[in-house]
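Welcome, and please open your viewer. We will go from one selection to the next, with a short note at each stop on what is there.

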Amino acid sequence: MAVTWAAAIGSMIVDDLSRRTWSVIVGAVITTALVVGRQVFAFRHIEELLRERDLLTARLTEQAYHDALTGLANRALFMNRLTESLATRPVTVFLIDLDDFKPVNDSFGHATGDQLLVEVASRLRLGVHPEDTVARLGGDEFAVLAFDPAGLFDALTAALNDTLRLGDAEVRLRASVGTATGRPGRDDADSVLHSADMAMYAVKNAARAVR
């Protein structure tokens, strides 16, 4: 448009037009500039709205697939990744349930219980490989999806066997860990998680029998 107007004005200068004609031309140029400016502003506003939409979508996706308290993957994301992984390679699931978590809430309050869950999430993150997935499945139940499980059982068990100071409370941290390995073409996500769940309860019941 700028090139067209420049060419038109150039030809009008050559023709030596009257003042009235020039007034009309200047008005038209100003009107065109205003219209173009408004469109540029509208495009920028649309771009900003699209950017806000993308940020909102990202936040909603984060909330839909992550635990609000710990920031870990939730059950939905964990099962998705387990299903995807089982399509191509063997994977091992570690199912973790905290021992005697209810007495912590009953004795010290839910705020202390939440602090304990956050501490457990942090220890699980530090104890796994970067490509592994750590999830909070609900309540005091956690899970790890691992591709190289060597030594991980002992590492997780050691990390979750401690006495913690949470504010004014001294809390004993203990956990039961069960494992199950799934292979492509033979196992599905539900069956692997169920096997890990059964293994975890076997460990928990054995510990209760010893106590």
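Let's begin with charged pairs: the count of salt bridges comes to 9, where a salt bridge is a side-chain nitrogen of Lys or Arg within 4 Å of a carboxyl oxygen of Asp or Glu. Before you click on any of them, note that this is a predicted model, in which local features need pLDDT of at least 70, side-chain atom pairs count only at pLDDT 80 or more, and totals for chains, interfaces and linings use all residues. Residues are numbered from 1 along each chain as its sequence is written, and side-chain values use heavy atoms, with hydrogens and water left out.

**Stop 1: salt bridges**

Select K204 and D99. They form a salt bridge whose closest N and O atoms are 2.5 Å apart. K204 lies in helix α7 (residues 189-210) and D99 in the loop between β1 and α4, so the pair ties together parts that are 105 residues apart in sequence. Helices (H or I, at least four residues) and strands (E, at least two) are DSSP runs here, numbered from the N terminus. Both K204 and D99 are buried; buried means under 20% relative accessible area, exposed over 50%, and partly exposed in between (1.4 Å probe, protein chains only). Now add D97 to the selection: D97, D99 and K204 are linked in a network of salt bridges.

Next, pick R123 and D162, whose side chains meet in a salt bridge at 3.0 Å, N to O. Because R123 lies in helix α5 and D162 in strand β4, this pair ties together parts that are 39 residues apart in sequence. R123 is buried at 18% relative accessible area, while D162, at 30%, counts as partly exposed.

For a third pair, select R165 and E170. Their side chains form a salt bridge of 3.6 Å, N to O, and both residues are exposed.

**Stop 2: R172 and D100**

Move to R172 in strand β5. With 58% relative accessibility, R172 counts as exposed. Which residues is R172 in contact with, leaving aside its neighbours within four places in sequence? They are D162, which you have just visited, and T163; contact means heavy atoms within 4.5 Å. Try a distance label from R172 to F101 as well: the two are 71 residues apart in sequence and 9.2 Å apart in space, C-alpha to C-alpha.

Then select D100, in the loop between β1 and α4. D100 has a positive phi of about 55° although it is not a glycine. Its relative accessible area is 52%, so D100 is exposed.

**Stop 3: the nonpolar cores**

A nonpolar core is a set of buried Ala, Val, Leu, Ile, Met, Phe, Trp, Tyr and Cys residues joined through side-chain atoms within 4.5 Å. Select I96, L116, F142 and V144: of the 26 residues in the largest nonpolar core, these touch the most other members. The elements giving two or more residues to this core are β1 (91-98), α4 (101-108), α5 (110-127), β3, α6 (152-159), β4 (162-166), β5 (169-173) and β6 (175-182). Of these, α5 gives the most, with 5 residues.

Now centre on V144. Not counting residues up to four places away in sequence, V144 touches F78, T92, V93, F94, I96, V128, T133, V134, L152 and L156. Apart from this core lies another, of 20 residues, among them M79, L86, L193 and A196.

**Stop 4: a surface patch**

Show the surface and select V26, I30 and L34, which make a nonpolar patch of about 290 Å². Patches are made of residues with over 30% relative accessible area and no salt bridge, with like charges joined within 9 Å and nonpolar side chains (Val, Leu, Ile, Met, Phe, Trp, Tyr) within 5 Å. V26 lies in helix α2 (residues 19-65) and is partly exposed, at 43% relative accessible area.

**Stop 5: the whole model**

Zoom out and colour by element. The protein has 7 helices and 6 strands, and along the sequence they follow the pattern α-α-α-β-α-α-β-β-α-β-β-β-α. Buried residues make up 33% of the 211 residues. Among contacts between residues at least 6 apart in sequence, 65% join residues at least 24 apart.

Finally, colour by pLDDT, the predictor's confidence in each residue, from 0 to 100. The mean is 86, and 81% of residues reach 70 or more. Among the elements, helix α1 (residues 2-15) has the lowest mean pLDDT, 65, and strand β3 (residues 141-146) the highest, 98.

Conventions:
Accessible areas come from the Shrake-Rupley method with a 1.4 Å probe; for residues, only the protein chains shown count as cover.
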